[in-house]
Amino acid sequence: MKFSAAFTFLLLAGTTNAFVNKQFTSPSFPGCTTSTELAARKPFMTGNWKLNPQTKAEAVDLARGIVDSIGEDSPSDVGLFVPFPFLETVQNIAGDKLIVGAEMITPEMKGAFTGGVSPTMLKSIGIEWALAGHSERRTINGESDEDINAQCKLLVENDMNVVLCIGETLEEFEKSLVDAVCEIQLKKGLEGISADQMSAVTIAYEPVWAIGTGKVATPEIAQSVHESIRQILDKMYGSSVSESTRILYGGSVSPDSVDGLLAQPDIDGGLVGGASLDATSFGRIINFETVDVMA
Ligand code: PGA
């Protein structure tokens, strides 16, 4: 089956707010046979700039290049998670063509937390999205599942959106612990978040061994994990949440790998590090080509 048909349908279905997970309500498209195809999850391509680029001038150039690559009929919603000093500048360049988010928050609202950034501060400059649980924050900054849960809860309680990142290490992958690790990180990260609040949550599956290594998971491996994640969400929240939640793949996504990944029924977009620092590469990822997976 050509997934291009499903994607055409969801574009025609018309999301009024492109940046909020939408629930599918009218499964009448004859080409669709599975619930995931019917869910009308518009692909969501997000860039994670991390500690890059080094100057505001470079951030402006990069953001302008990315915005220019988003056409009127873009096959993807687009988001950029950028360093705090560039948020407002990139937001001004982005207009309503893409969402701009922070790479993290401090799970506190105010007080003696030197270096902290709260949801209220972000909202006051028009930022309504943030990442939580990126593996670099887990390993380099020692953030625990409890810390990440506190960030997720604070974001959704303050009417913001969160991309919760989960994923296993190489050792866990080699020991076939992928599903177990994802289940623990999902359940701990989302503890206390209600089914209603899940409309503000996007999941990013990022195998740690694939991040920044050039070793992208095969579409088949990534699809199998995404399917498991959706099943876990189904057990936690029921099918309407599991079918409407977008699950992104992250880990060395490139112009070469994006088409095969996005052809998978449970892969709803990407969280892209290195390739989002080059407007041409990220533009190709945003404008991925649909692939006939049955060919
Ligand atoms: P990468 O990073 O695309 O450079 O592997 C992905 C991420 O860390 O989100």
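**A walk through the model: loops, helices and the core**

Hi everyone. Let me start in the loop between β1, residues 44–48, and α3, because that is where P53 sits. The peptide bond leading into P53 from N52 is cis, and its omega is near -15 degrees. Please keep in mind throughout that this is a predicted model.

From that loop, let's go on to helix α4, which covers residues 87–94. Which of its residues are buried? They are L87, V90, I93 and A94. Around the axis these residues take up an arc of only 135 degrees, so they sit on the same side of α4. What do they pack against? The partners are α3 (56–68), β2 (77–82) and β3 (99–102). Right after α4 comes G95, with a positive phi near 55 degrees.

V90 deserves a second mention, as we turn to the core. The largest nonpolar core has 79 residues, and V90, A130, V162 and L164 are the ones that touch the most other members. As general background, nonpolar side chains in soluble globular proteins tend to be buried together.

Let me zoom in on L164. Which residues does L164 contact, once neighbours within four places in sequence are set aside? The list is A132, G133, C152, G189, L190, V201 and I203.

G189 in that list takes us to helix α9, where G189 is one of the buried residues. α9 runs over residues 178–189, so to speak our second helix of the day. With 12 residues, α9 reaches 16 Å from its first C-alpha to its last, close to the 16 Å expected at 1.5 Å a residue. Its buried residues are V178, C182, Q185, L186 and G189. Why do we say that they line one face of the helix? Looking down the axis of α9, you find them within an arc of 100 degrees, so one face is what they line. And the cover over these buried residues includes α7 (145–157), β5 (161–166), α8 (170–174), β6 (201–205) and α10 (219–237).

Two loops in this part of the chain have a backbone detail for you. The loop between α7 and β5 holds D159. D159 is not a glycine, yet its phi is positive, at about 55 degrees. Is D159 buried or exposed? D159 counts as exposed, because it has 11 C-beta neighbours inside 10 Å. Then, in the loop between α8 and α9, we meet S176. S176 is again a residue other than glycine with a positive phi, here near 60 degrees. S176 is exposed too, with 9 other C-beta atoms within 10 Å.

Now over to α10, and to M236, which is found in that helix. With 17 other C-beta atoms within 10 Å, M236 is partly exposed. Leaving out residues up to four places away in sequence, M236 touches K187 and L190. L190 is also among the contacts of L164. How far is M236 from S194, 42 residues apart along the chain? Their C-alpha atoms are separated by 9.6 Å.

Last stop, the ligand. There are 13 residues around the ligand, and N48, I211, G250, G273 and G274 come nearest. What is the make-up of that shell by class? It has five nonpolar, seven polar and one charged residues. N48 also brings us back to where we began, since β1 spans 44–48 and P53 lies in the loop between β1 and α3.

Thanks for listening, and I'm happy to take questions.

Technical notes. Residues are numbered from 1 along each chain as its sequence is written. This is a predicted model: local features need pLDDT of at least 70, side-chain atom pairs count only at pLDDT 80 or more; totals for chains, interfaces and linings use all residues. A nonpolar core is a set of buried Ala, Val, Leu, Ile, Met, Phe, Trp, Tyr and Cys residues joined through C-beta atoms within 7 Å. A residue is buried if 20 or more other C-beta atoms lie within 10 Å of its own, exposed if 12 or fewer, and partly exposed in between; C-beta atoms are placed from the backbone. Two residues are in contact if their C-beta atoms, placed from the backbone, lie within 7 Å. A residue is near a molecule or strand if its C-beta atom, placed from the backbone, lies within 6 Å of it. Ala, Val, Leu, Ile, Met, Phe, Trp, Tyr, Cys and Pro count as nonpolar, Asp, Glu, Lys and Arg as charged, and the others, Gly among them, as polar. Helices (H or I, at least four residues) and strands (E, at least two) are DSSP runs, numbered from the N terminus. The expected span of a helix is 1.5 Å times one less than its number of residues. The arc is that of the directions from the helix axis to the C-beta atoms.
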